[in-house]
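Biologist: Before I rely on the labels attached to this model, I would like to hear the reasoning behind them. Could you show it to me and take my questions in turn?

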Amino acid sequence: MTAGNVGQEPALDDPTAPTVGVGPHPEPWPDGSHLDPELLREGDRRNVLDEYRYWRLEAIVADLDRSRAALHVAIQNWEHDFNIGSMVRTANAFNVAAVHIVGRRRWNRRGAMVTDRYLHVHHHEDEAALLAWLAERDVRPIGVDNLPGSVPLERTDLPENCCLVFGSEGPGLTDAMVSGCDCVVAITQHGSTRSMNAGAAAAIAMYHWSLQHRRSSPRV
C-alpha cells in the first residue's frame, strides 16, 4: 500500500484527511519491555505494522532481525540520487539483511520515510570496500543494469546469499563495480525508453529474488 501522507499528521482543517496510526493507549497500560511509555501515553503515528504499535524502535529491529532475508542491497551514491530513499524503503518492505551505501556517506533520505531506522545500513567508501566486505561473508554481488552482456533477470536463478547492486539514476553501475560482480542482470523491457527508473528496477529485482527464496509467510 502506498500513500503520500503516510507517517504524517492529518491536516487539522481537512475533516476528510485520514488518521494515521493510533492514539494514546487506554489505561491500564500493558506490560512489556518492548513497549515505549511515551508512545503509550501520546499515541503511535509511525508507519509501522499494527503488530508493532507502541513498540520501542530497538524492539522492532530486534524482532525483524529474527526473520531477515539473506538478501543484501547495495546502492552506488555518486549523485545524491533521489531514488535512493525509495530503494531503501523497498528494502525495508522485503526485510533485507542489510543495505549498503557506496560512495558518498550522505544520501537522500526523503523517499525512505524513516524506514532506514529499521534496517542495518552500512557505508563503504568505494567499490573495492563493498566487494571485500561481501567476499568476507560469502555474499555474491549481482549487478542490476541494462548493459551489454547482461542476462535477463527473469531467466536468472539468483543465489540466495547475494547482494543486488544498483547504480545511480542515469550513469548506472560504474565499470569498477561491474568488473567486481559475479554477473549483471537486466530487466527485459518492451517500450521505447532505454531504461526504467532505478527505484522501480530495484523493486522488481528484490521481488524476483523473493519469489525464488522467501519461504516464510508474509507480514500483512
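Modeller: What follows is a conversation about a predicted model, going from the sheet to the helices and then to one loop residue.

Biologist: What makes β1 and β2 a pair of strands?

Modeller: Pairing requires at least two bridges between the strands; six bridges join β1, residues 72–77, to β2, residues 98–103, and the two run parallel, so they count as a pair. One example is histidine 72, whose bridge partner in β2 is alanine 98.

Biologist: Why are β3 and β5 said to stand at the edges of the sheet?

Modeller: The open sheet has seven strands with parallel pairing, in the order β3-β2-β1-β6-β4-β7-β5. Because β3 (121–124) and β5 (151–152) each have a single partner strand, one side of each is left without a neighbour in the sheet.

Biologist: Which strands does helix α3 touch, and which does helix α4 touch?

Modeller: Helix α3, residues 83–93, packs on the sheet against β1, β2 and β6, and its direction makes about 175° with that of β1. Helix α4, residues 127–136, touches β1, β2, β3, β4 and β6, with its direction at about 150° to that of β2.

Biologist: How do you know whether threonine 115 is buried or exposed?

Modeller: Threonine 115 lies in the loop between β2 and β3, and its relative accessible area is 6%; buried means under 20%, so threonine 115 is called buried. Threonine 115 touches Val88, Arg89 and Asn92, and although arginine 89 is 26 residues apart from threonine 115 in sequence, their C-alpha atoms are 5.7 Å apart in space.

Notes: Residues are numbered from 1 along each chain as its sequence is written. This is a predicted model: local features need pLDDT of at least 70, side-chain atom pairs count only at pLDDT 80 or more; totals for chains, interfaces and linings use all residues. Side-chain values use heavy atoms; hydrogens and water are left out. Helices (H or I, at least four residues) and strands (E, at least two) are DSSP runs, numbered from the N terminus. Contact means heavy atoms within 4.5 Å. Axes are lines fitted to C-alpha atoms, for helices over the stretch in contact, and angles run from 0 to 180 degrees between N-to-C directions. Buried means under 20% relative accessible area, exposed over 50%, partly exposed in between (1.4 Å probe, protein chains only). Lists of a residue's contacts leave out its neighbours within four places in sequence.
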